[in-house]
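Here are a few notes from my pass through this one. Have the structure open while you read them.

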Amino acid sequence: MQKAIKKYFPVFVLPTMIAFTIGFIAPFLLGIYLSFCKFTTVTDAKFIGLDNYIKTLGDAEFIHSLWYTALYTVVTVLLINVLAFAVAMLLTKGIKGTNIFRTVFFMPNLIGGIVLGYVWQLLLNGILANFDRTLTYSEVYGFWGLVILVLWQQVGYMMIIYISGIQNIPGELIEAAKIDGANSWQILKNVTIPMVMPSITICTFLTLTNGFKLFDQNLALTNGAPSKMSELLALNIFNTFYGRAGWEGVGQAKAVEFFVLVAIIALIQNKLTRSKEVQQ
């Protein structure tokens, strides 16, 4: 069987590799090249060196969106993971109706980001109207509107991952801790959290990358208003590429910088959290 697999392995892998090359590797390499060019279409690209990258550093809107996105990501990573872990702990206590609650919490993740954005825009603007405010009154309202929307959408998904991790903790460890006189807080700190570190690694990675990549909810909820002050990085790149004539190359340069930034942060986070995982 193993010999047959080795023999025909290239036959099965080749179509996938061709598709991956055409659909990802080639466009990715072309995108890097275009970030060093001035162009309106792929066929009229003219190499200009680092000019596009220099322009990104002088773009105040881009710098603002970078810090705005960083703050948003930190807040959502902390809140989503803390809430998801808390809900997972609650729903693994054997309370009545656990399966129903799990389904209800998970359902928002099935709704598309654009739809969620418009629905929450109506809801939040309806509440803020009582105070003569809207989500686009200032970037602060847009910021917390995005946080609330993403919490509602992603907590249930991360909860499922945490529940899986909690349920895989050997019961003997909990019993041994109780016999040794550990209280609930000590069990949580010294047994539960170390044992669910693989789940924490996954959830932190997902929430971190989702925070930086958020686009459709931002577009639907505020579209960067007022004056692009609530514009996250992905939306800023989109608006630069498609909304500013002659800035296509700058938009591509921003996209490359965006990729490098997210990749570095994700790798660092993954290394840090994996180093704390307990070998079972």
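1. Start with helix H11, residues 233-243, in what is a predicted model. Its buried residues are Leu233, Ala234, Leu235, Asn236, Ile237, Asn239 and Thr240. Note that Asn236, Asn239 and Thr240 are on that list alongside Leu233, Leu235 and Ile237.

2. What do the buried residues of H11 pack against? Four helices come up: H3 (60-90), H9 (197-213), H10 (216-221) and H12 (248-274).

3. H12 turns up again on the surface. Together with helix H1 (2-34), H12 contributes to a nonpolar patch, each of the two helices supplying at least two of its residues. The members are Met17, Phe20, Phe24, Phe28, Leu29, Phe259, Val260, Ile264, Ile268 and Leu272, and their accessible area together comes to about 930 Å².

4. Take Val260 as one of the patch residues. Val260 sits in H12 and has a relative accessible area of 40%, so it counts as partly exposed. That value also clears the patch cut-off of over 30% relative accessible area.

5. Now for a loop. Asn168 lies between helix H6 (139-167) and helix H7 (171-179). Is Asn168 buried or exposed? Exposed, because its relative accessibility is 53% and the cut-off is over 50%.

6. The Asn168 side chain does have a partner to look at: it reaches the backbone oxygen of Ser164 at 3.0 Å. Leu116, on the other hand, is 52 residues from Asn168 in sequence, and the two C-alpha atoms are 33 Å apart in space.

Conventions:
Residues are numbered from 1 along each chain as its sequence is written. This is a predicted model: local features need pLDDT of at least 70, side-chain atom pairs count only at pLDDT 80 or more; totals for chains, interfaces and linings use all residues. Side-chain values use heavy atoms; hydrogens and water are left out. Buried means under 20% relative accessible area, exposed over 50%, partly exposed in between (1.4 Å probe, protein chains only). A polar contact is a pair of N or O atoms within 3.5 Å; within protein, one must be able to donate a hydrogen and the other to accept it, and residues adjacent in sequence count only if both atoms are side-chain atoms. Contact means heavy atoms within 4.5 Å. Patches are made of residues with over 30% relative accessible area and no salt bridge: like charges are joined within 9 Å, nonpolar side chains (Val, Leu, Ile, Met, Phe, Trp, Tyr) within 5 Å. Accessible areas come from the Shrake-Rupley method with a 1.4 Å probe; for residues, only the protein chains shown count as cover. A salt bridge is a side-chain nitrogen of Lys or Arg within 4 Å of a carboxyl oxygen of Asp or Glu.
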